[in-house]
Each structure stands twice: as C-alpha cells, then as structure tokens.
Amino acid sequence: HAARPALDASVSTSTPTSSSMKLILFLGAGVSVPSGLPKVDQLTRMILRSPCHQDAHGNFISGRNPDATSRQTDATPVVRTLLRCISAYDERGSKNAVYRGAPTYEDLFSLCEAIKLWHLGLADNSIPASFVESIERAVRPILKGRSLKARIRDLGSLAMEASRFIESVVVGALQSYSMAGLELILELATSPTIEQLNIVTLNHDTLIEQYLRQNGVDVVDGFGSRDGDVRWYDDRVYDSDSGKVRLFKLHGSVNWREFIGRTRPAIFLGSDIGHVIDGEQRQLKLSLRSPSFLSGVNKAIAYQRGVYADAHFRFHEVLRQCTLVVMSGYGWGDTAINWRF
C-alpha cells in the first residue's frame, strides 16, 4: 500500500495530534487484484471474448448457451460485433492521444452511452454525429432498418443492450469469495490513534465491507437498518456519532439495486433477486436488471445526480476535514476525481 499525503509537506503548517486524527483512505481497482478480481484490461478481454449468452429472460450470463432454441434470439453475437467495431474505432482515434492507451471496457461503455444519448436526442453537441454515422456504416449488416433513420434507431437500441451486457459481465466478474492484501485497512480501522477513518473507493466490488465486517468492524456505508430483504440508502447515517469507519462508494456497487416506485437504491440482502420483500411484506420490483453503478467517461456527468451527488458532496466534505490521504490502487485515470483532489 502506497501512502501519499493530500498536501505537500512544505504546505502543511501543522501535524494532527494522535487523539484527533481523521484520515482518508482512497482506494482504486488495484487493491482488489490480490483477492483475485480482474484488472481493467482483463475485464475488457472478458467482455469481448469470454463465453457468454443471453437466457430466456433476456439476462446476460457467463458460459456457452446450452439451449439451441434460444440461440436464435441471443443478442450476444450482435452486441459483441458492435463492441468490436467501437473498440476498433476508438483505438484508431486514440493513437495520437498523449494520455490514452488501448480502449478499456469503460471506454466502450462510454461510447455506447454516447450512441444511446444521440439516439434519444439528448446529446448536447454535434460532435457525436460523425462517430454515430461511422459506427452505423461499420455495423450496417447487423442492423434491420432500411432507411438511415431506422438504422440509427436500431443502433441506439443495440447500444443500450451493449451497455447492459458490459454491466452484466462486470458484475459477474467482481464476485469474490477470497480476500487478500487488505491487512492495512483493518489496522487503520482499529487504530486507537485514528478518530475517524473515511474509506473512499471507486470500486464496484464489496471486498472492503465484507473484510471489515468479518473482522468485527462496524462500517457506516450510507444505508440504513434492515427492512426485510433490503437496506435503503439514507445519507443521514454518516452523521452518526458512532461512525468511526465510514465507507463512500463514489461509483456505486454491485449490490446496490433500484426498485420501481422508490427514489433511493437499496442494498439487497436476500437470496432471490426475483422475489424481494420489504419489512411490511410488500413485494419490490426491480426497475433495472443490472445493479446501480457508474462506468465510462460519462460518469463525470452522472456524479451530479441522485445518491452519487450525495456521495461526492461527502467526499468533498472529508477532503476539507482531513489533512492526510492514504492512497492505494488508483491510477489517476478519473479526471473529475483528480480535479476534486
């Protein structure tokens, strides 16, 4: 674990006393690698190549399709054709970029979102037009529409499916039952010299909260007490006096779900996501098939909505309160986060 002060030593005018130290532990994807979770490039390869199929309910799951009948309606092959075309387009366009490497799954997700927004008429500038037209020409054989307008509509729908496909693969890949390399987190969480530990993470997985709770550490995560099969988001829990260890997931989580008629997400605690009951025995219906988390460059815009705006407000707040940041696993690849620092 690499430690990096939030402020240069020459700027700091005082050192916090041991009895009142408040610390930020900022974590990126690198901290999950020792536990066996894939890196960004591995996730990208899985999305483009690993066996995956669509079941009878339209869900994307790993493995080859065992049902010969449903293979005819399986959208996975056409979704992957689109993603490979987008990847090739992005790779050609990024050759002269100073800070760009090979396209990642987040780049692919972002470009799919750009197509979707253009299709819905929500793009706020004309730049995506040439991109969408180029992709339409490249994937024309898999589009059904006869006119350009109809094909753009088909492309928009396909991009929405591709976004959902990426999210499904990422969720499946981020399930882990082993935890390694997290010992420093436990040391900081239990240290008597730290009054408050603010864990800020960009990761979608649940390793940190699992690890701390298995070691008897209470974590304030922004969600209230149990209500049947769920715990509803409640930002007020961060103001509790008992919150020594607070967790802020700026990009959401694989266990956050959204339900029809509810404005807040919830952490799902049950065993059957198709049958979710609240504390008053009312059935809850999912509004989205995939969990609530952010991917891609467009997430900087999504930082301004809903619970993500709350989380980033809290992040800004702890940056003002804490003089030190311990950072690990972050590659400085999120421009909006970098500016916040």
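**View 1. Tyr211, a buried residue in helix α7.** In this predicted model, Tyr211 has a relative accessible area of 13%, so with the cut-off for buried at under 20%, this residue counts as buried. Its home is helix α7, which covers residues 207-214.

**View 2. The company Tyr211 keeps.** Leaving aside residues up to four places away in sequence, Tyr211 touches Met179, Leu182, Glu183 and Leu186. Take Glu183: along the chain, 28 residues set Glu183 and Tyr211 apart, while 9.3 Å separates their C-alpha atoms.

**View 3. The largest cavity.** Now for some empty space: the structure has two cavities of 30 Å³ or more, and the largest holds about 70 Å³. Around this largest cavity sit Asp221, Gly222, Phe223, Tyr233, Tyr238, Phe248, Lys249, Trp256, Val307, Tyr308 and Ala311. Two elements, β7 (245-249) and α9 (306-321), each give two or more residues to this lining. The top contributor is α9, with three residues. Sort the lining of the largest cavity by type and you get eight nonpolar residues, one polar and two charged.

**View 4. The second largest cavity.** Here the space comes to about 60 Å³. The lining is made up of Glu209, Asp221, Phe223, Leu247, Lys249, Asn255, Trp256 and Ile267. By type, that gives four nonpolar residues, one polar and three charged. Some names may ring a bell: Asp221, Phe223, Lys249 and Trp256 line the largest cavity and also line this second one.

How values were computed. Residues are numbered from 1 along each chain as its sequence is written. This is a predicted model: local features need pLDDT of at least 70, side-chain atom pairs count only at pLDDT 80 or more; totals for chains, interfaces and linings use all residues. Side-chain values use heavy atoms; hydrogens and water are left out. On a 1 Å grid over the protein atoms alone, a cavity is a set of points where a 1.4 Å probe fits but cannot get out, and a pocket is an open set with protein on both sides within 12 Å along at least five of seven lines; lining residues have an atom within 4 Å of a point. Grid points are joined across faces, edges and corners, and a volume is the space filled by probe spheres set on the points. Helices (H or I, at least four residues) and strands (E, at least two) are DSSP runs, numbered from the N terminus. Ala, Val, Leu, Ile, Met, Phe, Trp, Tyr, Cys and Pro count as nonpolar, Asp, Glu, Lys and Arg as charged, and the others, Gly among them, as polar. Buried means under 20% relative accessible area, exposed over 50%, partly exposed in between (1.4 Å probe, protein chains only). Contact means heavy atoms within 4.5 Å.
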